[in-house]
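Reader: I'd love a close look at one part of this protein, namely how its helices and aromatic rings meet. Could you walk me through it as you would at the bench?

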Amino acid sequence: MAVVGVLDSLAAEERWLYPGFLAMYAAIYCVGQLALLRRWAWPLRLDGASCLISLAHGTPAALAAAGAILALPPEARGFAAPNTRLQDHVLDYSVAYFTMDLLHYLAFLPGDTLFIAHHVATLFVFVTCRYLVRHGAYALLVLLVLAEVTSLLQNVWTLAGIWRAEKPAAARVYRALSPPFYFIYTVVRGVAGPLFFLKMSLFYLSGQAVDVIPWWVRISWIVVVGTAITVSNLWIWNLWKELFRERKQSMTKKST
């Protein structure tokens, strides 16, 4: 009920919420860097601060995106449908997060070009949908749900991975979380995501949205989302290979 109340208040809110969302992420980031994580070694603190704002974004964004989709009748959930006020607020919530995390990488990790490119591309898609064409939020919010539904588990797994070399408890948590996280991530990013992406791509390539979404925007969305899905699947595939290699080595040691 609390989630429904928040979504109802957002749907009625006429103000531009992006500045407030950005200030919220900046505050969370500063609290993490200057207080909560101040005793961590600098490289760990950087990863931890990024995870902290990701935790503030992931699950709330997934819930809000799902709520914004379900708030509409089925016939209004279309790839070329105009954005609703609630959908715009959800997009702003994510744009603010990716802005803050991008600033973090540009300031402290400029060599991490893959993450920087991912954030720039994601911002391009969200910003063009929110501020340029003002249509197509349904498609992006479904993809946002699929992208962030694993966020909480992924961030806990990431934090455990950061400390696993120094903390035995963290290593145990990392090992315990790896198989279920990899499985859920594979189902979402390797099955559900590509299926929805295929449906979205076929619609946009058919020309049905030509009156409201220019061709260059549609093609760029397809390229960006397709690339992100491909990279995500390569990433999880490599993690699966590493997991099986470690399990095989562990079994070999036990048998000798």
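Author: Happily; what follows goes from one helix pair to the ring pairs and ends at a single alanine. Please keep in mind that this is a predicted model.

Let's start with helix α3, residues 42-70, and helix α7, residues 151-163, whose axes are 9 Å apart and which pack at an angle of about 170 degrees. An angle over 145 degrees counts as roughly antiparallel, so that is how α3 runs relative to α7. Their crossing is left-handed. On the α3 side, the contact is made by L44, D47, G48, C51, S54, L55, G58 and T59. On the α7 side, S151, L152, N155, T158, L159, I162 and W163 take part. Sorted by character, the residues of this contact comprise 7 nonpolar, 7 polar and 1 charged.

Now to the rings. The structure holds 27 aromatic pairs. Take F79 and F203: their ring centres are 5.3 Å apart and their planes stand at 40 degrees, so this pair is tilted. The two residues are 124 apart along the chain, with F79 in the loop between α3 and α4 and F203 in helix α8, so the pair links distant parts of the chain. F79 has a relative accessible area of 8% and is therefore buried. F203, at 18%, is buried as well.

A second pair brings us back to helix α7. The rings of W157 and W235 have centres 5.9 Å apart, and because their planes are at 85 degrees, the pair is edge-to-face. Here too distant parts of the chain are linked: W157 sits in helix α7 and W235 in helix α9 (residues 215-255), 78 residues apart. W157 is buried, with a relative accessible area of 7%, whereas W235 counts as partly exposed at 31% relative accessibility. Both tryptophans belong to a cluster linked by ring pairs, together with Y174, F181, Y182, Y185, W240 and F244.

Finally, let's look at A192, which lies in helix α8. This alanine is partly exposed, with a relative accessible area of 31%. Which residues does A192 contact, leaving aside its neighbours within four places in sequence? The partners are L146 and V187. L146 is 46 residues from A192 along the chain, yet the C-alpha atoms of the two are separated by 7.7 Å.

Notes. Residues are numbered from 1 along each chain as its sequence is written. This is a predicted model: local features need pLDDT of at least 70, side-chain atom pairs count only at pLDDT 80 or more; totals for chains, interfaces and linings use all residues. Side-chain values use heavy atoms; hydrogens and water are left out. Axes are lines fitted to C-alpha atoms, for helices over the stretch in contact, and angles run from 0 to 180 degrees between N-to-C directions. Helices (H or I, at least four residues) and strands (E, at least two) are DSSP runs, numbered from the N terminus. Angles under 35 degrees count as roughly parallel, over 145 as roughly antiparallel, 65 to 115 as roughly perpendicular and the rest as oblique. A crossing is left-handed if the near helix is turned anticlockwise from the far one by less than a right angle, and right-handed if clockwise. Contact means heavy atoms within 4.5 Å. Ala, Val, Leu, Ile, Met, Phe, Trp, Tyr, Cys and Pro count as nonpolar, Asp, Glu, Lys and Arg as charged, and the others, Gly among them, as polar. Rings of Phe, Tyr and Trp (its six-membered ring) pair if their centres lie within 6.5 Å; planes under 30 degrees apart count as stacked, over 60 as edge-to-face and the rest as tilted. Buried means under 20% relative accessible area, exposed over 50%, partly exposed in between (1.4 Å probe, protein chains only).
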